[in-house]
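Please open the model in your viewer and keep the sequence panel beside it, so that each selection can be made by residue number. The tour moves from the whole chain to single helices, then to individual residues and the ligand.

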Amino acid sequence: MGEQSPGGTRKAVKPPKPESRLAMVRRARRINRELADVYPYAHPELDFRNPFELLVATVLSAQTTDLRVNQTTPALFAKYPTPEDVAAAEPEALEEILRPTGFFRAKTKALLGLSVALRDNFGGEVPGNLKDLVSLPGVGRKTAFVVLGNAFGVPGITVDTHFGRLVRRWKWTEQEDPEKVEAEIAEIFPKSEWTMLSHRVIFHGRRICHSRKPACGACPIAHLCPSYGEGETDPEKAKKLLKYEMGGQPGQRLSPPPDYPGKPAPPLGASG
Ligand code: SF4
């Protein structure tokens with residue numbers, strides 16, 4: 001409905017004011033705080049015991065799930081625990097172990113190249129800085145940030161497919177390019193939050209705010225989300241869409257941290 005102006009003509013009702021930058025930043029920080037309450041146990045969903053294992057697991061996670069990587073790496077690290085061991089491995093033996101992760105020939109090559117570079121250029125140690133990490137074959141910024149944030153305690157934002165989708169749904173950014181997303185989100189949050197923010201957002205994307213059917217009706221931050229209604233709003237139907245510990249199912253890690261409230265993932269073969 002328009003309003004009647006003094007001259008008798010109808011004037012269009014103004015659309016709601018676009019959110020100011022300040023209001024968006026406040027809302028973004030509130031989402032982060034509320035996600036911290038929902039997922040106090042948020043963590044990287046790859047199993048690892050040292051920087052090398054995390055680096056390898058992250059490289060293997062391309063084009064597959066963290067669960068499948070976690071089911072594959074125990075056999076790999078039991079046989080080849082160090083970069084030197086992997087570098088000296090028979091490619092065919094590696095391929096056989098990596099087969100369940102898909103693209104196993106390419107991944108075998110990547111793993112061999114990476115391990116040779118670690119052995120020859122870094123004394124068999126994973127370097128703890130961005131410049132050296134991205135100099136390793138097959139290691140991009142996303143992988144480097146995962147390793148820095150979780151194995152070295154260096155703050156980093158991990159823009160994977162979940163992170164990008166959610167921050168665009170929340171109107172924190174309109175960027176599609178991961179590096180631009182990373183730069184814009186870095187402006188909203190203090191560095192100290194970057195790593196945990198990444199885990200919380202990715203947890204939320206995997207459990208509730210799915211790509212095709214977000215479970216809006218069961219979403220604890222729906223009141224802060226401009227995209228509420230993009231998915232199922234009926235609470236009962238939405239509840240059925242929840243995944244992992246939220247849906248009473250096993251998680252992705254075979255060895256989750258002790259505070260994880262869900263069940264550990266089953267080993268390879270047990271999950272079908
Ligand atoms: S309300 Fe819906 S779109 Fe918004 S965060 Fe929750 S699940 Fe995602």
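What follows is a sequence of selections, each with a description of what is found there.

Begin with the whole protein chain, and keep in mind throughout that this is a predicted model. Shown as a C-alpha trace, the chain spans about 85 × 40 × 30 Å along its principal axes. Colour by secondary structure, and twelve helices and two strands should appear; read from the N terminus, the order is β-β-α-α-α-α-α-α-α-α-α-α-α-α. Of the 272 residues in the protein chain, 37% are buried. Among contacts with a separation of 6 or more, 53% are between residues 24 or more positions apart.

Next, select α2 (51-60) and α3 (66-79). Their axes lie 10 Å apart and the two helices pack at an angle of about 135 degrees, and α2 and α3 are therefore oblique to each other. The crossing of α2 past α3 is right-handed. To see the contact itself, display E53, V56, A57 and L60 on α2 together with V69, T72, T73 and F77 on α3; by class, this contact has five nonpolar, two polar and one charged residues.

Keep α2 on display and add helix α6, residues 104-121. Here the axes of α2 and α6 come within 10 Å and cross at roughly 150 degrees. The angle is over 145 degrees, the cut-off for this class, and α2 and α6 are therefore roughly antiparallel to each other. This crossing, too, is right-handed. The residues to display are V56, V59 and L60 from α2 and K107, A110, L111 and L114 from α6, and the contact divides into six nonpolar, no polar and one charged.

Now move to L136, in the loop between α7 (130-135) and α8 (141-151). Is this residue buried or exposed? L136 is buried, with 24 other C-beta atoms within 10 Å. Leaving aside residues up to four places away in sequence, L136 touches L114, A117 and L118; of these, L114 has already appeared in the contact between α2 and α6. For a sense of distance, draw a line from the C-alpha atom of L136 to that of P235: the two residues are 99 apart along the chain, and their C-alpha atoms are separated by 47 Å.

Two backbone conformations deserve a stop of their own. Most residues other than glycine have a negative phi. Select Q63, in the loop between α2 and α3, where phi is near 60 degrees, a positive value in a residue other than glycine. Q63 counts as exposed, with 11 C-beta neighbours inside 10 Å. Then select Y244, in the segment after α12 (235-239), which has a positive phi of about 50 degrees although it is not a glycine. Y244, by contrast, is buried, with 20 other C-beta atoms within 10 Å.

Finish at the ligand. Which residues are closest to it? Of the 14 residues that surround the ligand, the closest are C209, P214, C216, C219 and C225. Colouring the shell by residue class should show ten nonpolar, two polar and two charged residues around the ligand.

Note on methods
Residues numbered from 1 in each chain as written. Predicted model: local features only at pLDDT ≥ 70, side-chain atom pairs only at ≥ 80, totals over all residues. Near = placed C-beta within 6 Å. Nonpolar A, V, L, I, M, F, W, Y, C, P; charged D, E, K, R; others polar. Helix = DSSP H or I, 4+ residues; strand = E, 2+ residues; numbered from the N terminus. Buried ≥ 20, exposed ≤ 12 C-beta atoms within 10 Å, placed from the backbone. Axes fitted to C-alpha atoms, helices over the stretch in contact; angles between N-to-C directions. Parallel < 35°, antiparallel > 145°, perpendicular 65-115°, else oblique. Left-handed = near helix turned anticlockwise from the far one by under 90°. Contact = placed C-beta atoms within 7 Å.
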